[in-house]
Each structure stands twice: as C-alpha cells, then as structure tokens.
Amino acid sequence: MTTEIGRLLTAMLTPFKADGSVDYLGAEKLAALLVADGSDGVLVSGTTGESPALSDDEKIELIKVIKKAIPGKSVVAGTGSNDTHHSVKLSERAMKVGADALLAVVPYYNKPPQEGMYQHFKAISEVGPTIMYNIQGRTAINMTAATTLRCAQLPGIIGVKEASGDLDQIGLVCAGKPETFRVWSGDDSWTLPVLAVGGYGVICVVSHIAGRSMAKLIEAFVAGDHDTAREIHQGLLPVIKSLMTTAANPVPIKSALNALGFNAGPFRLPLVALTDEQLKSVMKTIGDAGGFISFAKAGVKVA
C-alpha cells in the first residue's frame, strides 16, 4: 500500500476547556497552526493528545473536526490499545469519519509475544493503512526488527513509528524493509540519526513550536545539505531534551503552549501542569533557542 501522509507529522496535543471537556474549536485552531508552520499533517489522539484519558466518542469527534480544519493535509488517528477487538472497532469508526491512516501502539501491559503483536497489527491493518508504534518505554515490551519486517509484508501496514531507542534495530528495519514501507522516528532527538540510517521522517512533539525548523531539517537532509540538518538538530536538541525530561510528555509541551499564548487548557488527571519552577526552566530553554522556534511566526491567529 502506498498511502503518502508526509515526512513531518505533529503528534498533536488535545486542548481542553476549563471544565475539562474537549475544546474542539481549539483543536481546529491548533491543527491549522501546525500545518501552516510546516507539518504535513497531524496525529490525533496519540500519547501527546492524552489518549488514555479520552473516550472513543471524543477521539472520533476530534478526527472529524480536524479533518475539516486542515483540508488536503494528513490526519492520522491513534486507535491502538492492548485490546485487539477494541482497536479494530475504533479503527473502523476512525476510517469512516475520514482518517487517512491509523497509528497503533504495540499492546501495552499484557506483554504479548511477537506472534501476538503480528496478529494484532494484521487485524488492524485490514481496516485501513496502519502505522505501527514501537515504544518499549511505555509498553514494557519491544517489537523486534524481525517482527517489524514481517508485519511490513502485510498490504495494510505502511510504516512504523520507531521509539525503541535502539539505532541498530532501526537500521536493520530500514535495511530490510520493502521500498514503500516508511520508518518515522518516534523520538524528536533521533530524527537526524534515523534519517541517516534510512528513515523517512518523524512523528514529532517539538514541531508544536518549531515546525519550520523540523521541516527544514528533513528537507536539508534529503537534499544532501547535512551541515544545515546538523545545525538545526543541534540548535533544537536542548529544547527537545527539556520537553522530554522535565516531566512526562505531554506535560511540558502543553504547559509551554499555554505560556506562549495558545490556550491549550488544563490536563486530565492523572496528568498535572508543570510547577512554576519547571515551567520557568522550560521557557528559558525555548527562549535560548531563538530563531529555531517558529511558534510566533506561523501566521495563524491563536488568540
């Protein structure tokens, strides 16, 4: 399957109103801002979107409104869980309301064997174009290169979001994959290394505030301008590390967007906002990044 959804996708956060309900209008505005700032599309209801705290109905409504807000751009729906039947049913609903592709995480907590992972992704991929998501730090189990490549032979599997933290494994996947199978980095700071071993792009968090820079990094690498790609990588690295180590994603990026003037709202428990001291540290790092940050240059009114 040759579904093309782009090299730079932002794993979009979910705005909430003060009462904790989903701010669908805010989600439309944010999606428009992100694609105006360089993203080829967005991932809706991923980890950054607080997916564990969203209902299925909320996830479906988000896909509907965001699809209308960014016509011609890709909308990938996070529909994975550790229950294959539930994932399939949610995927069917997502495709019916216009999702361009599905993102399904390796089943978490129940720690399936590699064969179970294969059967899980096979079932979901029969619903629509599917990107697998390998992130052992959240699922407690790694999908091996061999299993990834086995899944890559399935017609409905279009790629993998790789956040295993193992560049050798990612390199083996890139070396053995079919030509049309895409490998996206699942760690912002690994974008350039993953591109260097044959990856395609990134499903990104820092692109909430640095979309133009991340797009330029990818474009520069593809064009063979490795000096520019490296400069951007090094310039954004402190910001990326701050967003990923100050607290669990999406707490830092959502807190930062609120501080920058976009009303992303509160979190749903058990997540809570950064402390004042943590936020001050994150915002200083963002400020120090200077021209690599393009949030205020996107040309989209966010007030």
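Start by selecting Pro270, which sits in the loop between α11 and α12 (276-288). The peptide bond leading into Pro270 from Leu269 is cis, with omega near 20°. This is a predicted model, so colour by pLDDT before going further: the chain averages 95, and 97% of the residues score at least 70. Over residues 297-303 the pLDDT drops below 50, although in the model this stretch has 16 contacts beyond near neighbours in sequence.

Now step back to Pro250, in the loop between α10 (226-245) and α11 (251-260). Here too you will find a cis peptide bond, joining Asn249 and Pro250, with omega about 15°.

Two backbone stops come next. Select Ser45, in the loop between β2 (41-44) and α2 (56-69). Its phi is near 65°, a positive value in a residue other than glycine. Is Ser45 buried or exposed? Its relative accessibility is 4%, so Ser45 counts as buried. Then move to Ala140, in the loop between α5 (136-139) and α6. Ala140 is not a glycine either, yet has a positive phi of about 75°; at 46% relative accessibility, Ala140 counts as partly exposed. For context, most residues other than glycine have a negative phi, and most peptide bonds are trans.

From Ala140, carry on into helix α6 (residues 145-152) and show Ala145, Thr147, Thr148, Cys151 and Ala152, the buried residues of this helix. Look down the axis of α6: these buried residues fall within an arc of 165°, so they line one face of the helix. What do they pack against? Their partners are α4, β5, β6 and α7 (167-176).

Time for the strands. Eight of them close into a barrel, in the order β1-β2-β3-β4-β5-β6-β7-β8, with parallel pairing. On average, neighbouring strands of this sheet are turned by 25° against each other, direction ignored. Zoom in on β4 (residues 101-105) and β5 (residues 130-134), parallel strands joined by four bridges. Leu103 stands opposite Ile131 in β5. Helix α4 (residues 114-125) packs on the sheet, where it touches β4, β5 and β6 (157-162), and its direction makes about 160° with that of β4.

Finish with the nonpolar interior. The largest core has 81 residues, and Ile66, Phe121, Val206, Ile209 and Ile293 touch the most other members. Helix α9 (residues 207-222) gives this core its largest share, eight residues. Centre on Ile66 and, leaving aside residues up to four places away in sequence, you will see it touch Met12, Ala27, Ala31, Val42, Val44 and Val75. A second, separate core has 16 residues, including Ile5, Leu43, Val105 and Ala163.

Note on methods
Residues are numbered from 1 along each chain as its sequence is written. This is a predicted model: local features need pLDDT of at least 70, side-chain atom pairs count only at pLDDT 80 or more; totals for chains, interfaces and linings use all residues. Side-chain values use heavy atoms; hydrogens and water are left out. A nonpolar core is a set of buried Ala, Val, Leu, Ile, Met, Phe, Trp, Tyr and Cys residues joined through side-chain atoms within 4.5 Å. Buried means under 20% relative accessible area, exposed over 50%, partly exposed in between (1.4 Å probe, protein chains only). Contact means heavy atoms within 4.5 Å. pLDDT is the predictor's confidence in each residue, from 0 to 100. Two strands pair if DSSP finds at least two bridges between them. Axes are lines fitted to C-alpha atoms, for helices over the stretch in contact, and angles run from 0 to 180 degrees between N-to-C directions. The arc is that of the directions from the helix axis to the C-beta atoms.
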